[in-house]
Amino acid sequence: MTTFATTPGTAAPRFRLEQKRRITGDFPGPRSTELAARRAAVVAKGVASGVPVYVADADGGIIHDVDGNSFIDLGAGIAVTSVGASDPAVVGAVKEQVEHFTHTCFMVTPYEGYIAVAEQLAELTPGDFEKRTVLFNSGAEAVENAVKVARLATGRDAVVAFDHAYHGRTNLTMALTAKSMPYKTNFGPFAPEIYRVPMSYPFREENPAITGPEAAQRAITMIEKQLGAESVAAIIIEPVQGEGGFIVPAEGFLPALSEWATANGVVFIADEVQSGFCRTGEWFAVNHEGVVPDIITMAKGIAGGMPLSAITGRADLLDAVHAGGLGGTYGGNPVACAAALAAIGTMKEQDLAGRARHIEEQVTERFAALQADLGERGIIGELRGRGAMLAIEFVEAGSKAPNAAATKAIAAQCLREGVIILTCGTYGNVIRLLPPLVITDELLADGLDVLERAIRAVDAG
Ligand code: PLZ
């Protein structure tokens, strides 16, 4: 079993690959081009890739392609490889586990790793009550199961989700997800009993003075008038919205919703699939406002790149489910559990929550200065985010109209120079920064230099 030191911040990351950007010429190079041709013949085009090169190796903040180029990774595989893509602790734990058993199925012949992960999650998630955990494979599967538990435990049907929400691509989670293209278009019919209410999106509020509690009341009034609290099983919300645009609700929004849920017997589910595990500078994004969810969904950063997801929540809710009601063949796979224990160990030893806050300082300082420099008529509408979950929302000069074209052009320019940057947002006008939390200051600075130049160039037209 993997063990780790519990003294936080006592270790520094170790890298196998030189943490340096290097683009050798035009890319995609010959080997990537060959792979693209093989791919086109056999891989469905419904699954698209943002970057046209194929990966040979990855470590820390660097991705090597098959033609010898080194890219700076500011996306971490969509917020997954917070400890790096080949953290030595994760690699060692996976190797050790895989030599013993790769799978038995926890529902058939159980093993310690699953329990150890559940112990960690009970310790790390907020709330000093009895907790129970179930492990799955993907974020969507965790969300599906959180909703199953909430419905069974409350005996109610309705589930409330928010504008700009993203919860996955399975049938139920598509219904919970707000954006149609590309996630939902023509994939219906969707799961019933899902209702959508307004989010707190400070930058795009009609009334910019609306407070967090007022925005929460706007949603609550809609729920009470259109559904009635007594028919609502759960509210599900990303405490910092991910795909929808890295939207941080106004202060007081999440606490007010959570209080209303508690007062009305509604299960408050925090979807921390993207925001969890030190990403926002705390173990979970709800910690920033002291919100204690009834159930938390987790995935992505939890296991250093191995597929694992989890729900952790109040024992009375999870234990309401009959024996055999929850599970799946691979849920809590032993190799993924070993990886999770090692990744959590790395997060503790290297104080990656502290690293996330350090990244926030570096990024915010630089882009606040850039925004001021570009001035009122610049294309930067807003900088926002928490920790190493940071976003720049782009607008048409002198207005709040979303500028998706500028966003695309900036991301494309960064990529040409060897910096992988992801976009997001309901309007496709947000650049999001999700670096591995172990990224070195030098590598991050190099990536941000490239991004800053690209923003200046596009702003200048
Ligand atoms: N909940 C908050 O961010 C996944 C999706 C990328 P899975 N986000 C990245 C894409 O285009 O498919 C996500 C999330 C939140 C749930 C999910 C779903 O997690 O592991 O992708 O199923």
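Reader: Which element gives the largest share of the lining of the second largest pocket?

Author: In this predicted model, the second largest pocket has a volume of about 300 Å³. Its lining counts 18 residues, and among the closest to the centre are Tyr 114 and Val 134. Four residues of the lining come from one element, the largest share, and that element is strand 4 (residues 131-136).

Reader: How do the residues of that lining divide into nonpolar, polar and charged?

Author: Gly counts as polar and Leu as nonpolar. The residues closest to the centre of the second largest pocket include Gly 324, Leu 326 and Gly 327. Over the lining of this pocket the division is nine nonpolar, seven polar and two charged.

Reader: Why is the pair of Phe 27 and Phe 71 edge-to-face?

Author: The search of the whole structure finds eight aromatic pairs. In the pair of Phe 27 and Phe 71, the ring centres lie 5.1 Å apart. Planes over 60 degrees apart count as edge-to-face. The planes of Phe 27 and Phe 71 stand at 85°, so this pair is edge-to-face.

Reader: How many residues apart are Phe 27 and Phe 71?

Author: Phe 27 and Phe 71 are both buried. Phe 27 belongs to the segment before helix 1 (30-42), and Phe 71 to strand 3 (residues 70-73). The pair thus links distant parts of the chain, 44 residues apart.

Reader: Which ring has the charged end of Arg 314 over it?

Author: The charged end of Lys 131 sits 5.8 Å from the centre of the ring of Phe 129, over that ring. For Arg 314 the distance from charged end to ring centre is 4.0 Å, and the ring is that of Phe 129.

Terms used
Residues numbered from 1 in each chain as written. Predicted model: local features only at pLDDT ≥ 70, side-chain atom pairs only at ≥ 80, totals over all residues. Heavy atoms only, no water. 1 Å grid on protein atoms, 1.4 Å probe; cavity = no way out; pocket = protein on both sides within 12 Å on 5 of 7 lines; lining within 4 Å. Points joined across faces, edges and corners; volume = space filled by probe spheres on them. Helix = DSSP H or I, 4+ residues; strand = E, 2+ residues; numbered from the N terminus. Phe/Tyr/Trp six-rings, centres within 6.5 Å; stacked < 30°, edge-to-face > 60°. Buried < 20%, exposed > 50% of the residue type's maximum accessible area, 1.4 Å probe, protein only. Lys NZ or Arg CZ within 6 Å of the ring centre and 35° of its normal.
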